[in-house]
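New to this one? Take a look at the chain first, and then we'll walk through it together.

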Amino acid sequence: MEKLYCTECGAENEPGSTFCSKCGKPFNSNDVNEEKEISRTVEVIVGILGGIFGLLGGIFAVLFGIFASEVAGLGASAILASIVGIAGAAYVLKNPKWGGIILIISAVWLLISISLFGIPGAVLLGLAGLLALLRK
Ligand SMILES: [Zn+2]
């Protein structure tokens, strides 16, 4: 049987040990941690999709703004909100809580900016944000 090497302090331990003889670290704790890790793929994909819809809505509003100038500025704001939303989706991988908050802020911001054009993107961004916050 192979010797066990502690992942915490590097000490050599007898095979079959459950605790490190030097620092006391339980050897099966790594497996427990791996099981607790959950995938954030859904939040990231839904969030990025929401950002893309938001960008499209923003671009549409800017183009629409050629005919009605007050809409163009709101379209630019929507594009910025969408970029923040995509950044929030990526940040979910590092920190689900703050990533989720950024996603929800971008969803509300998008909705305020371009209302009707922003609904598909805002719904997806908000959904991704809620998943990031609520899924444990
Ligand atoms: Zn150790």
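What follows is a short tour of the model, from layout to core.

## Ground rules

Residues are numbered from 1 along each chain as its sequence is written. This is a predicted model, where local features need pLDDT of at least 70, side-chain atom pairs count only at pLDDT 80 or more, and totals for chains, interfaces and linings use all residues.

## Layout

The chain has four helices and two strands, where helices (H or I, at least four residues) and strands (E, at least two) are DSSP runs numbered from the N terminus. Starting at the N terminus, the order is β-β-α-α-α-α.

## Confidence

On pLDDT, the predictor's confidence in each residue from 0 to 100, the chain averages 81, and 85% of the residues score at least 70. Strand β2 (residues 12-13) has the highest mean of the elements, 88, while helix α1 (residues 29-36) has the lowest, 48.

Residues 31-35 stay under 50, and the model gives them zero contacts beyond four places in sequence. A contact here is a pair of residues whose C-beta atoms, placed from the backbone, lie within 7 Å.

## The core

The largest nonpolar core (buried Ala, Val, Leu, Ile, Met, Phe, Trp, Tyr and Cys residues joined through C-beta atoms within 7 Å) holds 28 residues, and A78, L103, A107, L110, L125 and A128 touch the most other members. Helices α2 (41-64), α3 (69-91) and α4 (96-134) each give two or more residues to this core, with the largest share, 14 residues, coming from α4.

Beyond its neighbours within four places in sequence, L110 is in contact with G54, A78, A81, S82, G85, G118, G121, A122 and L125.

Of the chain's 136 residues, 37% count as buried, with 20 or more other C-beta atoms within 10 Å of their own, these atoms being placed from the backbone.

Methods
Two residues are in contact if their C-beta atoms, placed from the backbone, lie within 7 Å. A residue is buried if 20 or more other C-beta atoms lie within 10 Å of its own, exposed if 12 or fewer, and partly exposed in between; C-beta atoms are placed from the backbone.
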